[in-house]
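Please open the model in a viewer and keep the selection tool at hand. The stops below are given in the order in which they may be selected.

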Amino acid sequence: MAAMKVHGGVLSTATMRVLTCLHEKELEFQFVNVDMSTGEHKREPFLSLNPFGQVPVFEHGDLKLFESRAITKYIAHEYADKGTQLTCQGKALPMLLQWMVVEEQQFEPAASKLVWELVLKPFLGIPVEEAVVEENKDKLAKVLDVYESRLVQSKYLACDCFTLADMHHLPCIDYLMGSEAKALFDSRPHVSAWVEDIRARPAWAKALAIRNK
């Protein structure tokens, strides 16, 4: 069967989410770098893979998928018998579904804005908007207060096992741990322990190795 391919950019948190998932599942794949600095993702042939012009795209034979969370859900279910389980069954399933939505709807909006302002803008030489930073630090703090309460009850967000709900956080968290926003995580002991745990996973280290080449 054709090799799995991930078309993406190494600075993209969405791309890193998919690379981590594939490594958690111990699957072989080819990474195809998309040069976003030249706008490669906004023109053909990339637009034939994703008409929205966004990375990543997962390709496996005739299957072409975009949207990172859709890709990771597909991989987790299609290859349930490989590597880390990443999903829950039975009574834990509702919690998994809930916390996956929390990551996307509550955590990601504030965290991604902080990644842009505190990490990527300085890297690209673009001035930081301090008002945007303060606004989103406040928003993220409220989310992390909820996480702190949840992580008193459970080792991970959905249950006592590492799942997609935790994994989806990794790219933004890793960026933010190198910024002033790190204090938001460090000041909450259960959140801090959770962050240390998920960042130490071998699959994340393998994804970072691709980014750091």
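Helices and strands are here DSSP runs, helices of at least four residues and strands of at least two, numbered from the N terminus. With these names, Pro45 can be placed in the loop between β2 (29-33) and β3. The model is a predicted one.

**First stop: two cis peptide bonds**

Select Glu44 and Pro45: the peptide bond that joins them is cis, with omega of about 5°. Next select Val55 and Pro56, where the peptide bond is also cis and omega is near 5°. Pro56, too, is found in the loop between β2 and β3. For context, most peptide bonds are trans, and most residues other than glycine have a negative phi.

**Second stop: two residues with positive phi**

Go to Glu26, which is not a glycine and yet has a positive phi of about 55°. Glu26 is found in the loop between α1 (13-24) and β2. Is Glu26 buried or exposed? Its relative accessibility is 63%, so Glu26 counts as exposed, the cut-off for that class being over 50%.

Then select Glu67, a residue other than glycine whose phi is positive, near 80°. Glu67 sits in the loop between β4 (63-66) and α2. With 45% relative accessibility, Glu67 counts as partly exposed.

**Third stop: an aromatic pair between a strand and a helix**

A search of the whole structure finds six aromatic pairs. One of them is formed by Phe58 and Tyr74, a tilted pair with 6.1 Å centre to centre and 55° between the planes. Phe58 belongs to strand β3 (residues 57-60) and Tyr74 to helix α2 (residues 68-78), so that the pair links distant parts of the chain, 16 residues apart. Colouring by accessibility sets the two rings apart: Phe58 is buried, at a relative accessible area of 0%, whereas Tyr74 is partly exposed, at 24%.

**Fourth stop: an aromatic pair between two helices**

Now select Trp99 and Tyr147. How are their rings arranged? The centres are 5.7 Å apart and the planes stand at 80°, so the pair is edge-to-face; the cut-off for this class is over 60 degrees. Trp99 lies in helix α3 and Tyr147 in helix α4, so the pair ties together parts that are 48 residues apart in sequence. Trp99 counts as buried at 7% relative accessibility, and Tyr147 is buried with a relative accessible area of 0%. Add Phe107 and Trp194 to the selection: with Trp99 and Tyr147 they form one aromatic cluster.

**Last stop: the packing of α3 against α4**

Show helix α3 (residues 93-124) together with helix α4 (residues 130-153). The two pack at an angle of about 150°, and their axes are 9 Å apart. α3 and α4 are therefore roughly antiparallel to each other, since angles over 145 degrees fall in that class. Their crossing is left-handed.

To view the contact, display side chains on both helices. On α3, the contact residues include Met95, Trp99, Val102, Phe107, Leu114 and Leu118. On α4, they include Val132, Val133, Leu140, Val143, Tyr147 and Arg150. Trp99 and Tyr147, the edge-to-face pair of the previous stop, are thus among the residues that make this contact. By class, the contact has 15 nonpolar, two polar and six charged residues.

Definitions and conventions: Residues are numbered from 1 along each chain as its sequence is written. This is a predicted model: local features need pLDDT of at least 70, side-chain atom pairs count only at pLDDT 80 or more; totals for chains, interfaces and linings use all residues. Side-chain values use heavy atoms; hydrogens and water are left out. Axes are lines fitted to C-alpha atoms, for helices over the stretch in contact, and angles run from 0 to 180 degrees between N-to-C directions. Angles under 35 degrees count as roughly parallel, over 145 as roughly antiparallel, 65 to 115 as roughly perpendicular and the rest as oblique. A crossing is left-handed if the near helix is turned anticlockwise from the far one by less than a right angle, and right-handed if clockwise. Contact means heavy atoms within 4.5 Å. Ala, Val, Leu, Ile, Met, Phe, Trp, Tyr, Cys and Pro count as nonpolar, Asp, Glu, Lys and Arg as charged, and the others, Gly among them, as polar. Rings of Phe, Tyr and Trp (its six-membered ring) pair if their centres lie within 6.5 Å; planes under 30 degrees apart count as stacked, over 60 as edge-to-face and the rest as tilted. Buried means under 20% relative accessible area, exposed over 50%, partly exposed in between (1.4 Å probe, protein chains only).
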